[in-house]
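User: Could you walk me through the charged pairs and the cysteines in this protein? I'd like the reasoning along with each answer.

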Amino acid sequence: MTQARAAVRLRFSTRVLLLQLAVVCTVVLMTAGTFAALTYQWLGDQAEERALAVARTVASSEDVRRETAVLAATPSALLTPETLAGGPLEDYATSAQDRTDALFVVVTDDAGLRLAHPNPALLGQKVSTDPSVALAGGEETSQENGTLGRSARAKVPVFAPGSTTDVVGEVSVGFDSDDIVAGMLRNIVPVALVTAASLALAAVASTMMGARLRRLTLGLEPEEISGLAQDQEAVLRGVDEGVIGISERGTITVFNEGARRLLTPGSEREYSGLTLAESGLPDFLGTATGNYGPQEHVVDERVVIVTARPVRLKDRSTTPDLRLGRVIMVRDRTEVQALTRQLDAVNALGTALRAQRHEFANRLHTISGLLALDRTAEARDYLGEILDSGPLNYPAEDLGLLNDPYLEAFIGAKSIEAHERGVELRIGPGTSIRGHITDPQDVTAVLGNLLDNAITAAVAGASPNKWVEVEVLDEYTESGGTLHVVVADSGDGLRGEDARIFAPGYSTASPSTLDPIAGHGVGLALVRHLARRRGGDVWVAESGSPQSHGAVFCARLPGVIALESRFKEQP
């Protein structure tokens, strides 16, 4: 039943159209009716004035005054239709009636008996309307019904010859009310035409307005629009992602708080109604057209994923596929990228530890076999060799300077990777670690990125002797321990690109070596963000050159290392 009522219910635009037409029709009809009433009244007044003028003319005639005085003095018994018909007074009244096209011209004596009348049969009889005002010497006009029908009439007194006070009768002149209606109809024809034209114009205007309303509302009903507005407000305020709506004209229609937080933190500017060029938002938003992304971009110290999709709507009132513009989604991937790089570092560390465990197991089996054969001297010599060579034979030398299992295992694993690519990874002579790493995730993420970039630069460099050197130092203050990292390589250097090296999306890697899903142009910006989040930094110490060495990067990471108890000062 509810569905049937909903199906029968008129659309909002149709209801607006009908309401507009009803209002216009009511106004036009009221106006036309008022005009018709005023016209009828005006024509009636004109007819009464005309009747009054004719009545005055007839009553002022000397012949009428004389004959009326004579007949008024005649006994009423002698005033019969036979004696009055064809008399001079009757002829005069009939002549005046014909000349003025009046409905009637009636003359009575001072008793109200008809002395002249269009219907001879009524002569000598008392008039049907009250003549007392005229017989009292006054004049009156009115619209009344008489024996000849409704008419606009006037009554004036007839004075005796030579007197202005002695009333001997009265004259009544009337004009047919049908003539008034006919005159009104003649005058109202233009009004009717204007009324019809107004209604037609109103219908056309209402139809056009309804079509315009349907286009503006995309064929949606007010209830649907209200629901959509509520849903939009709930969605835009309820999601952490940035949402930017761009109209077909290129103006910003939606800019939620998530987009403000990710793209313009701290800004209070209103972006709605501005174009992307006017808004000052990042340039990559202008390229996010069609089915764009997902693409990684760096905004300040954040890594964001940008996706754009065109917005189309099936408009029920016009075309089936209406293009509304596009929507751009901006998602924060800073923490995810950091965790991904930390996970890569942990995986490398785990691989190194598994290799170390396997090597330890092999060595223990060797020692166990020597002891089982009662070859104690050989077992003792083998243990001495192990102590001299270190726990695992990594390509990098002097790993013992690191004095931290995390750093030893991680840099050792990176040295294996570098060795496989033809690069020698070595520990700088200035390396000095007294403490132990307390936050291996951030350390391996920053150090791993710098080492990966250095190895890649060394592989791509022109120098035949390909190497990467890393120095790690710790520093301790009252606020805690700080780790300092210096990474140099044998590559060709930055070639004046150090000013752009941390720019969002910028990469010095060769296009042929780029991994399309590795997020190049993000790593350095991300590790700088990780370092600055801890109060440290990552920077370029030297740009390098092909003749000497490649770029030298430095990192400072506060709070990631703690001093061993044996190095702490005794109280």
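Analyst: Sure. Heads-up: this is a predicted model, where local features need pLDDT of at least 70 and side-chain atom pairs count only at pLDDT 80 or more, while totals for chains, interfaces and linings use all residues. Residues are numbered from 1 along each chain as its sequence is written, and side-chain values use heavy atoms, with hydrogens and water left out.

User: Which residue does D63 form a salt bridge with?

Analyst: Side chains of opposite charge can pair when their charged atoms come close. A salt bridge here is a side-chain nitrogen of Lys or Arg within 4 Å of a carboxyl oxygen of Asp or Glu. For D63, the closest N and O atoms are 2.9 Å apart, and the partner is R66.

User: How are D63 and R66 placed in helix α3?

Analyst: Helices are DSSP runs of H or I with at least four residues, numbered from the N terminus. Helix α3 covers residues 62–73, and D63 and R66 sit three residues apart in it, so what separates them is about one helical turn.

User: Is K414, the partner of D452, buried or exposed?

Analyst: The K414–D452 salt bridge has its closest N and O atoms 2.7 Å apart. K414 lies in helix α14 (residues 405–420) and D452 in helix α15 (residues 440–460), so this pair ties together parts that are 38 residues apart in sequence. Buried means under 20% relative accessible area, exposed over 50%, and partly exposed in between, using a 1.4 Å probe and protein chains only. D452 is partly exposed at 29%, whereas K414, at 7%, is buried.

User: Which residue meets R528 in a salt bridge?

Analyst: R528 is one of the buried residues of α16. Its salt-bridge partner is buried too. The N to O distance is 3.7 Å, and the partner is D537.

User: Why is helix α16 described as largely enclosed by the rest of the structure?

Analyst: Helix α16 spans residues 523–533. Its buried residues include G523, L526, H529 and A531. The helix is largely enclosed because the buried residues number nine of the 11.

User: How many salt bridges does the count come to?

Analyst: The pairs above, including D63 with R66, are part of that tally. With the same N-to-O rule, the count comes to 13.

User: And how many disulfides does the structure hold?

Analyst: A disulfide is a pair of cysteine sulfur atoms within 2.5 Å. C25 is partly exposed at 28% relative accessible area, and C554 counts as buried at 11%. The number of disulfides is zero.

Key: Helices (H or I, at least four residues) and strands (E, at least two) are DSSP runs, numbered from the N terminus.
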